[in-house]
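Grab a coffee and open the viewer: here are some short exercises, each with a worked solution. Try each task on the structure before you read on.

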Amino acid sequence: ELSRFSSSTPVHLVLDSSGFKVYGEGEWKVRQHGWSKRRTWRKLHLGVDEATGEIVAAVASEAGVTDDDVVPDLVAQVARPIQQVSADGAYDKRKCYEALEATGATVTIPPRRDAKIWQHGNKEGEPWQRDENLRTIRRLGRKRWKREAGYHRRSLAETAIFRLKTIFGATLRSRNFAQQATELFLRATALNRTRENWLKLLAR
């Protein structure tokens with residue numbers, strides 16, 4: 001179990017992902033001879049509680065899986081109500097918004113700079129939050145929108161991944177995908193436990 005925090009308090013979920021190397025060659029060999037077919041990567045997708053920095057959702061995938069593909073699985077792992085979801089522009093895709101709209105959460109994802117409105121006012125259906133964000137960005141500017149929407153709190157997910165790689169390394173030891181996924185999940189769980197222990201020490 002990733003999170004042992006039991007609460008009905010709505011969560012601001014921040015999302016991010018990063019790659020972990022599997023039995024790849026040393027960096028010197030790559031520089032000298034280039035990448036080979038044996039250089040393999042796995043991705044870890046995380047959902048982090050903005051208020052506490054705790055990892056509340058984690059999904060492992062093969063390198064070709066895109067971030068928006070796993071959003072439904074990440075959201076399904078969060079037992080608490082989701083008040084807001086923040087993520088970077090890689091999540092600016094319909095599949096991602098469809099999964100997040102179902103939660104009723106405020107979605108804080110910056111549309112790409114060349115983004116177009118998806119649902120114009122003369123069409124039937126509820127407007128996309130993404131389109132409302134885009135309209136606000138056009139009116140206020142991207143920098144101000146990010147500040148007022150709390151977008152910069154998304155960096156907490158990057159911090160969680162940085163800690164994972166700093167403590168446990170960026171290479172996986174397991175050889176098959178099922179074991180690699182378990183290894184990544186255990187690392188995320190261990191990072192949460194480490195955080196809890198530090199909080200207990202600070203509280204003394």
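**Exercise 1. Find which residue stands opposite V22 in β6, then work out how β1 pairs with its other partners.**

*Solution.* Keep in mind that this is a predicted model.

Step 1. Start at V22: the residue opposite in β6 is L172. The two strands, β1 and β6 (residues 171-172), run parallel and share two bridges.

Step 2. Move to β4 (residues 82-86), which is also parallel to β1 and is joined to it by four bridges. Here L13 faces V85.

Step 3. Now look at β2 (residues 40-49). Its pairing with β1 is antiparallel and takes in ten bridges. D16 has L46 of β2 as its bridge partner.

Step 4. Check how well β1 is covered. The strand spans residues 11-22, and eleven of its twelve residues are buried.

**Exercise 2. Starting from L46, follow the sheet to β3 and describe the hairpin.**

*Solution.* Step 1. Opposite L46 you will find A58 in β3.

Step 2. Count the bridges: β2 and β3 (residues 55-62) have seven between them, in an antiparallel arrangement.

Step 3. Look at the turn. Five residues lie between the strands of this hairpin, and G53 has a positive phi near 80 degrees.

Step 4. Compare the coverage with that of the strand in Exercise 1: in β2, nine of the ten residues are buried.

**Exercise 3. Decide which residues of α6 are buried and why they count as lying on the same side.**

*Solution.* Step 1. Check the helix itself. α6 (residues 155-168) has 14 residues, and its first and last C-alpha atoms are 20 Å apart, close to the 20 Å expected at 1.5 Å a residue.

Step 2. List the buried residues: A157, A160, I161 and L164. They are on the same side of α6 because the arc they cover around the axis is only 95 degrees.

Step 3. Recall the general rule. An α-helix has 3.6 residues a turn, so residues three or four places apart point the same way.

Step 4. Turn to the other side of α6, where F162 and T166 are exposed.

Step 5. Finish just past the helix: G169 adopts a positive phi of about 90 degrees.

**Exercise 4. Is A76 buried or exposed?**

*Solution.* Step 1. Locate A76 in helix α2 (residues 67-76).

Step 2. Apply the cut-off: exposed means over 50% relative accessible area. A76 has 65% relative accessibility, so A76 counts as exposed.

Step 3. For a distance check, draw a line from A76 to A57. The two are 19 residues apart in sequence, and their C-alpha atoms are 8.5 Å apart.

**Exercise 5. Which residues have the most contacts inside the largest nonpolar core?**

*Solution.* Step 1. Select the core of 24 residues; L15, V71, I82, L100 and I109 have the most contacts inside it.

Step 2. Trace where the core comes from. The elements that give it two or more residues are β1, β3, α2, β4 and α3 (94-101).

Step 3. Zoom in on I109. Beyond its neighbours within four places in sequence, I109 touches a list of residues including A87, Y91, C96, Y97, L100 and W145.

Step 4. Look for the other core, which lies apart from this one. That core has 17 residues, and V22, A58, L164 and L191 are among them.

**Exercise 6. How many aromatic pairs does the structure hold, and what is the geometry of Y97 and W118?**

*Solution.* Step 1. The count is four aromatic pairs.

Step 2. Y97 and W118 make an edge-to-face pair, with 5.6 Å from centre to centre and 90 degrees between the planes.

Step 3. Place the two rings along the chain. Y97 is in helix α3 and W118 in the loop between β5 (106-108) and α4 (129-140), so the pair links distant parts of the chain, 21 residues apart.

Step 4. Check the burial: both Y97 and W118 are buried.

Step 5. Add W128, which forms one aromatic cluster with Y97 and W118.

**Exercise 7. How many helices and strands does the protein chain have?**

*Solution.* Step 1. The tally is seven helices and six strands.

Step 2. Read the order from the N terminus: β-α-β-β-α-β-α-β-α-α-α-β-α.

Step 3. Close with burial: 45% of the 204 residues of the protein chain count as buried.

Note on methods. Residues numbered from 1 in each chain as written. Predicted model: local features only at pLDDT ≥ 70, side-chain atom pairs only at ≥ 80, totals over all residues. Heavy atoms only, no water. Buried < 20%, exposed > 50% of the residue type's maximum accessible area, 1.4 Å probe, protein only. Pairing = 2+ DSSP bridges. Expected span 1.5 Å × (residues − 1). Arc of directions from axis to C-beta. Core = buried A, V, L, I, M, F, W, Y, C linked by side-chain atoms within 4.5 Å. Contact = heavy atoms within 4.5 Å. Phe/Tyr/Trp six-rings, centres within 6.5 Å; stacked < 30°, edge-to-face > 60°.
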